[in-house]
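Welcome, and please load the model in your viewer with the cartoon representation switched on. We will go from stop to stop, selecting as we go.

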Amino acid sequence: METRTVDLGPCHCPGTPHERDEAVIVLPVSMTYGAQRRVQSAYALEVEDERAGRDRFGGLADATLMAVCTFSWTCLNPDGKPLAIGVREPNATNAIDALDPLTAMALHDEFFPRDAAGTATDKNGYFLRAITGVVLPNPSSAPSVAGLPATPSTGSTPSPKASTSKRRAKS
Ligand SMILES: [Zn+2]
């Protein structure tokens with residue numbers, strides 16, 4: 001499985017036990033069928049709802065994708081236990097909902113990057129992969145080895161202490 005470790009900014013866990021929070025996210029090429037299915041279902045709900053003139057599921061597909069394509073993270077629940085996350089967790093989307101907004105946005109930006117104008121680019125192809133199964137070619141054209149960051153330019157430093165604010169510097 002190809003993964004990337006991403007910085008989620010200063011720790012917002014109860015009691016602030018970490019300096020920063022981080023997540024290990026699954027790259028699109030390693031997305032599972034279960035992840036695809038769940039994102040497709042969430043997206044279908046959103047589209048149906050929008051066609052009916054409602055907005056009960058705003059952002060559900062994004063949140064579902066973040067939940068099923070995060071392999072692990074440092075985020076804790078109010079009891080100080082790890083928030084259950086990942087495709088094996090039936091209620092993983094609830095863990096996304098339980099995040100504080102800044103941590104959630106940091107994770108969202110990793111899955112759905114935006115360009116300088118603030119327009120969503122999905123240049124990593126997560127959503128495309130989830131909806132269609134198509135994998136975008138590696139944008140850096142660097143060989144991506146399992147467990148190693150495929151794109152050195154992205155905020156992929158595994159250390160929770162490193163990279164204070166340079167995560168948003170590029171793109
Ligand atoms: Zn934390």
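Two strands count as paired if DSSP finds at least two bridges between them. With that in mind, and remembering that this is a predicted model, start with the sheet.

**The sheet.** Select β1 (3–10) and β2 (20–26), then add β3 (70–73). Together these 3 strands form an open sheet in the order β1-β2-β3, with antiparallel pairing. β1 and β3 are the edge strands: each has a single partner, so one side of each lacks a neighbour in the sheet. Now look at the twist: on average, neighbouring strands are turned by 25 degrees against each other, direction ignored.

**The β1 and β2 pair.** Zoom in on these two strands, whose antiparallel pairing runs over 6 bridges. Show threonine 5 and you will find valine 24 of β2 opposite.

**The loop.** Next, follow the chain from β1 into the loop that leads to β2 and stop at threonine 16. Is this residue buried or exposed? Threonine 16 is exposed, because 10 other C-beta atoms lie within 10 Å, and 12 or fewer count as exposed. Check its backbone too: phi is positive, about 45 degrees, although threonine 16 is not a glycine.

**The helices.** Select residues 101–111, helix α4, which lies across β1 and β2 and runs at about 150 degrees to β1. Then add α2, residues 60–68, which packs with α4 at an angle of about 85 degrees, the axes being 10 Å apart. The two helices, α2 and α4, are therefore roughly perpendicular. For the last stop, show side chains: Asp62, Leu65 and Met66 of α2 meet Leu107, His108 and Phe111 of α4. The residues of this contact comprise 4 nonpolar, 1 polar and 1 charged.

Notes: Residues are numbered from 1 along each chain as its sequence is written. This is a predicted model: local features need pLDDT of at least 70, side-chain atom pairs count only at pLDDT 80 or more; totals for chains, interfaces and linings use all residues. Helices (H or I, at least four residues) and strands (E, at least two) are DSSP runs, numbered from the N terminus. A residue is buried if 20 or more other C-beta atoms lie within 10 Å of its own, exposed if 12 or fewer, and partly exposed in between; C-beta atoms are placed from the backbone. Axes are lines fitted to C-alpha atoms, for helices over the stretch in contact, and angles run from 0 to 180 degrees between N-to-C directions. Two residues are in contact if their C-beta atoms, placed from the backbone, lie within 7 Å. Angles under 35 degrees count as roughly parallel, over 145 as roughly antiparallel, 65 to 115 as roughly perpendicular and the rest as oblique. Ala, Val, Leu, Ile, Met, Phe, Trp, Tyr, Cys and Pro count as nonpolar, Asp, Glu, Lys and Arg as charged, and the others, Gly among them, as polar.
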